[in-house]
Amino acid sequence: MLNLIRTDASNDDFKVLVKELDTYLSSVNGENDDFFRGHNKIDHLNHVVIAYSKGESVGCGAFKVLNKEAVEVKRMFVKPEFRGNRVAFQILEELEKWAEANEFKYVLLETSKDMRPAVQLYKKSGYEVIPNYEPYVNIESSICFRKYL
């Protein structure tokens with residue numbers, strides 16, 4: 001059984017998961033890794049969801065507030081050995097509920113076109129592909145999504 005908690009970026013389990021995520025993304029991002037690292041700082045993330053299985057942190061996600069209507073999903077990650085068990089779906093759903101409860105109208109997110117499981121997750125979760133938004137406009141490896149809450 002999965003236990004989801006709401007917290008913020010000061011959570012130590014979140015910091016550990018993000019380090020693992022950053023290591024993984026370095027191989028995906030290639031020459032654009034420094035660019036993406038610059039846009040994935042966690043200092044000001046006040047809306048973080050962590051998934052636990054049997055007391056172990058196994059996945060995370062967060063959103064940052066963009067304006068009074070929109071949030072952006074950031075730092076979505078599930079440990080490899082827990083993938084395929086709907087952990088990411090449950091984290092994403094919890095983030096959406098939290099954003100909706102705070103009266104945001106829609107969610108934006110960016111991921112790599114090469115991260116096929118992530119792209120599939122977002123499409124299956126009702127996200128629509130949109131033109132890349134700033135700062136990803138000229139990043140060919142990026143794909144951006146939007147979902148109205």
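In this predicted model, R6 has V49 in strand β2 as its bridge partner, and that contact belongs to a wider arrangement, since β1, residues 2–7, and β2 run antiparallel and are joined by six bridges. On to the next strand: β2 also pairs with β3 in the antiparallel sense, over seven bridges, and one of the links is between S53 and its bridge partner E56 in β3. The two strands β2 and β3 form a hairpin with two residues between them, and K54 in that turn has a positive phi of about 55°.

How many of the residues of β2 are buried? For this strand, residues 47–53, the count is seven of seven, and both faces are covered, with H47, V49, A51 and S53 buried on one side and V48, I50 and Y52 buried on the other.

Let me turn to the aromatic rings, where a search of the whole structure finds six pairs. One of them joins F63 and F104 edge-to-face, at 6.3 Å centre to centre and with 70° between the planes. F63 lies in strand β3 and F104 in the loop between α3 and β5, so this pair ties together parts that are 41 residues apart in sequence. Both F63 and F104 are buried, and a second pair, Y133 with Y136, is also edge-to-face, at 5.6 Å centre to centre and 85° between the planes. Y133 has a relative accessible area of 13% and is therefore buried, while Y136, with 2%, is buried as well.

Returning to F63, ring pairs link this residue with W98 and F104 into a cluster. Finally, at another ring, the charged end of R86 sits over F89, 4.2 Å from the ring centre.

Note on methods:
Residues numbered from 1 in each chain as written. Predicted model: local features only at pLDDT ≥ 70, side-chain atom pairs only at ≥ 80, totals over all residues. Heavy atoms only, no water. Phe/Tyr/Trp six-rings, centres within 6.5 Å; stacked < 30°, edge-to-face > 60°. Helix = DSSP H or I, 4+ residues; strand = E, 2+ residues; numbered from the N terminus. Buried < 20%, exposed > 50% of the residue type's maximum accessible area, 1.4 Å probe, protein only. Lys NZ or Arg CZ within 6 Å of the ring centre and 35° of its normal. Pairing = 2+ DSSP bridges.
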